[in-house]
Amino acid sequence: MMRSLWTAATGMKAMQFSVDTIANNLANVSTTAYKKEKPEFEDLLYVTMQQAYSDGENTRPVNLQVGHGVVARANVRDFTMGAIQQTGNKLDMAIEGDAFFLVRGPDGNPYYTRDGSFKVSMTDMGKILATSKGYPVLDRDGLEIYLDTDLENIIIEPSGEILYRDPETGTSMSTGQFIGLFQFENVQGLEAVGGNMYRTTSASGEAIPDEETENPSTIRTGFLEASNVQVVEEMVKLITAQRAYELNSKAITTSDEMLQVANNLRR
């Protein structure tokens with residue numbers, strides 16, 4: 001009886017983890033470029049009471065085993081592209097493709113984001129392109145992007161190239177900078193650190209310049225990528241997790257009642 005108590009307890013813990021993940025997805029349904037998560041589970045250790053065998057005359061075609069429940073092993077993030085929404089803001093940028101923007105975090109290390117809701121930040125050296133928190137957006141070479149002219153005269157090409165348009169002649173000249181876009185061999189290996197940012201790990205591999213990949217991404221200015229969370233889908237998952245939690249709770253109650261009956265046999 002004790003095995004069933006602990007087995008059902010692992011089921012309740014797993015479903016609690018599932019509900020936590022769903023709640024985080026729903027909380028970020030309006031977060032720019034948020035990527036929904038999905039928990040993955042695996043069964044625990046099995047006890048083999050009788051093993052399958054065949055020695056010619058005597059056979060046992062199947063094993064007799066009992067498991068010890070379930071455990072959460074991974075949180076897989078779905079990097080499917082969200083809907084592109086027009087904002088009209090010239091500094092809003094959405095990536096069409098698998099790339100990430102490169103930004104410098106408060107600790108000076110590189111981070112990556114799909115959130116292109118950029119702003120102008122004033123520094124001692126001039127105006128730079130930055131995130132909402134003031135973290136500098138970097139170009140292909142890891143350098144800050146200066147905007148020392150009116151925004152009306154700045155043109156950002158789909159390739160990420162930054163152009164300057166002469167207001168008198170109307171001609172466009174390249175500034176020599178490209179907004180840094182990077183891809184990863186194993187995007188699931190990226191570690192989310194909050195603030196719509198990720199950092200590399202040994203599992204994700206080093207960042208690959210987008211222009212060196214087989215499928216380069218493009219930038220759309222005046223647009224933002226929405227969250228890819230589907231509310232209806234998450235609600236169905238929430239109901240399923242709740243019912244599974246209730247069933248595991250019922251299994252604990254049933255096991256407790258069976259233990260009580262067994263204890264009463266001594267009287």
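The following dialogue explains how to read several features of this predicted model.

Colleague: Let us start with the first helix. How many residues does helix α1 have, and how far does it reach from its first C-alpha to its last?

Modeller: Helix α1 spans residues 2-27, which makes 26 residues, and it reaches 38 Å from its first C-alpha to its last. That is close to the 38 Å expected at 1.5 Å a residue.

Colleague: Which residues of α1 are buried, and what covers them?

Modeller: The buried residues of α1 include L5, A8, M12, M15 and I22. The polar residues T10, S18, T21 and N25 are buried in α1 as well. The cover over the buried residues of this helix includes β1 (37-43), β6 (70-77) and α2 (231-264).

Colleague: What lies in the loop between α1 and β1?

Modeller: V29 lies in that loop, and so does A33. V29 is partly exposed because its relative accessible area is 32%. Together with V231 and M235, V29 forms a nonpolar patch on the surface, with about 210 Å² of accessible area in total. A33, by contrast, counts as buried, at 6% relative accessibility. The phi of A33 is near 60 degrees, a positive value in a residue other than glycine.

Colleague: Where does N196 lie, and what is its phi?

Modeller: N196 lies in the loop between β17 and β18 (197-199). Its phi is positive, about 65 degrees, although N196 is not a glycine. At 25% relative accessibility, N196 counts as partly exposed.

Colleague: How should one read a sheet, and in what order do the strands stand here?

Modeller: In general, strands of a sheet pair through backbone hydrogen bonds, either parallel or antiparallel. Here an open sheet of six strands has the order β17-β18-β10-β9-β16-β19, and the pairing is antiparallel. β17 (191-194) and β19 (208-209) stand at the edges with a single partner strand each, so one side of each has no neighbour in the sheet. Strand β16 (residues 181-183) is joined to β19 by two bridges, and Q183 has I208 as its bridge partner in β19.

Colleague: Is I154 buried or exposed, and which residues does it touch?

Modeller: I154, found in strand β13 (residues 154-156), is buried, with a relative accessible area of 6%. Leaving aside residues up to four places away in sequence, I154 touches K90, L147, T149, I162 and L163.

Colleague: How should one read salt bridges, and how many salt bridges are counted?

Modeller: The general idea is that side chains of opposite charge can pair when their charged atoms come close. In this model the count comes to twelve salt bridges. In one of them, the side chains of E37 and R77 meet at 2.9 Å, N to O. This pair links distant parts of the chain, with E37 in strand β1 and R77 in strand β6, 40 residues apart. Both E37 and R77 are buried.

Colleague: Which residue forms a salt bridge with E42?

Modeller: The partner of E42 is R73, with the closest N and O atoms 2.8 Å apart. E42 in strand β1 and R73 in strand β6 are 31 residues apart. E42 counts as partly exposed at 37% relative accessibility, whereas R73 counts as exposed at 53%.

Colleague: Which residues are linked in a network of salt bridges?

Modeller: K36, D78, E233 and K237 are linked in such a network. A further salt bridge joins the side chains of R220 and E96 at 3.3 Å, N to O.

Methods
Residues are numbered from 1 along each chain as its sequence is written. This is a predicted model: local features need pLDDT of at least 70, side-chain atom pairs count only at pLDDT 80 or more; totals for chains, interfaces and linings use all residues. Side-chain values use heavy atoms; hydrogens and water are left out. Helices (H or I, at least four residues) and strands (E, at least two) are DSSP runs, numbered from the N terminus. The expected span of a helix is 1.5 Å times one less than its number of residues. Buried means under 20% relative accessible area, exposed over 50%, partly exposed in between (1.4 Å probe, protein chains only). Contact means heavy atoms within 4.5 Å. Patches are made of residues with over 30% relative accessible area and no salt bridge: like charges are joined within 9 Å, nonpolar side chains (Val, Leu, Ile, Met, Phe, Trp, Tyr) within 5 Å. Accessible areas come from the Shrake-Rupley method with a 1.4 Å probe; for residues, only the protein chains shown count as cover. A salt bridge is a side-chain nitrogen of Lys or Arg within 4 Å of a carboxyl oxygen of Asp or Glu. Two strands pair if DSSP finds at least two bridges between them.
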